Amino acid sequence: CACLWNFRDVAMMLLKRGADPTLTDKHGSNALIYAAYCAEPEVVHALLKDGRVSVDQANYKGETALWEV
């Protein structure tokens, strides 16, 4: 995830260009979980406004974006 490497602008550009925020990594974490983990409120807001990700989606450990806040 671009947020993990502190590339907030890249994350925002990818979302604006139609990147799928529901995709997960090998741990089951999606873009919203990483945006919350990296404390990127602008990206979290954009992901929630986009509407394709849910704060209830958990990774393989059972952690959600709310867990990271």
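Where does Ala39 lie? Let's hold that for a second, because I should say up front that this is a predicted model. Okay, so: Ala39 sits in the loop between helix 2 and helix 3. What caught my eye is its backbone, with a positive phi of about 55 degrees even though Ala39 is not a glycine. Most residues other than glycine have a negative phi. And is Ala39 buried or exposed? It counts as exposed, because its relative accessibility is 59%.

Right, let me step back to the whole chain. We've got four helices and zero strands, and reading from the N terminus the order is α-α-α-α. There are 69 residues in the protein chain, and 36% of them are buried. The accessible surface comes to about 4,600 Å², and carbon and sulfur atoms account for 57% of that. On contacts: if you take those with a separation of 6 or more, 60% are between residues 24 or more positions apart.

Now the core. How many residues does the largest nonpolar core have? The count is 14, and the residues with the most contacts inside it are Leu32, Ala35, Val43, Val44, Leu47 and Ala65. Helix 1 (8-16), helix 2 (31-37) and helix 3 (41-50) are the elements that each give two or more residues to this core. Helix 2 gives the most, with five.

Let me pick out a few residues there. Leu47 is a good one to click on. Ignoring neighbours within four places in sequence, Leu47 is in contact with Leu15, Pro21, Ala31, Leu32, Ala35, Arg52 and Val53. One of those partners, Ala31, is found in helix 2. With a relative accessibility of 19%, Ala31 counts as buried, since the cut-off is under 20%. Ala31 also pairs up with Val44 in a distance check: they are 13 residues apart along the chain, and their C-alpha atoms are separated by 8.6 Å.

Then there's Val43, over in helix 3. Val43 counts as buried because its relative accessibility is just 4%. Measure it against Asp9, C-alpha to C-alpha, and you get 8.9 Å in space for a pair 34 residues apart in sequence.

That takes us to helix 1 against helix 3. Two packed helices are described by the angle between their axes and the distance between the axes. For this pair, the angle is about 10 degrees and the axes are 10 Å apart. So helix 1 is roughly parallel to helix 3. Which residues in the two helices meet? From helix 1 we have Arg8, Ala11, Met12 and Leu15, and from helix 3 we have Glu42, Val43, Ala46, Leu47 and Asp50. Sorted by class, that contact has six nonpolar, three charged and no polar residues. Val43 and Leu47 are among the helix 3 residues there, and both are also on that list of residues with the most contacts inside the core.

Last stop, Thr64. This one is found in the loop between helix 3 and helix 4 (65-68). Why does Thr64 count as buried? Because its relative accessibility is 16%, and the cut-off for buried is under 20%. Leaving out its neighbours within four places in sequence, Thr64 is in contact with Ile33, Val55, Asp56, Gln57 and Ala58. So we have two loop residues to compare: Thr64 counts as buried at 16%, whereas Ala39 counts as exposed at 59%. That's my tour.

Technical notes. Residues are numbered from 1 along each chain as its sequence is written. This is a predicted model: local features need pLDDT of at least 70, side-chain atom pairs count only at pLDDT 80 or more; totals for chains, interfaces and linings use all residues. Side-chain values use heavy atoms; hydrogens and water are left out. A nonpolar core is a set of buried Ala, Val, Leu, Ile, Met, Phe, Trp, Tyr and Cys residues joined through side-chain atoms within 4.5 Å. Buried means under 20% relative accessible area, exposed over 50%, partly exposed in between (1.4 Å probe, protein chains only). Contact means heavy atoms within 4.5 Å. Axes are lines fitted to C-alpha atoms, for helices over the stretch in contact, and angles run from 0 to 180 degrees between N-to-C directions. Angles under 35 degrees count as roughly parallel, over 145 as roughly antiparallel, 65 to 115 as roughly perpendicular and the rest as oblique. Ala, Val, Leu, Ile, Met, Phe, Trp, Tyr, Cys and Pro count as nonpolar, Asp, Glu, Lys and Arg as charged, and the others, Gly among them, as polar. Accessible areas come from the Shrake-Rupley method with a 1.4 Å probe; for residues, only the protein chains shown count as cover.
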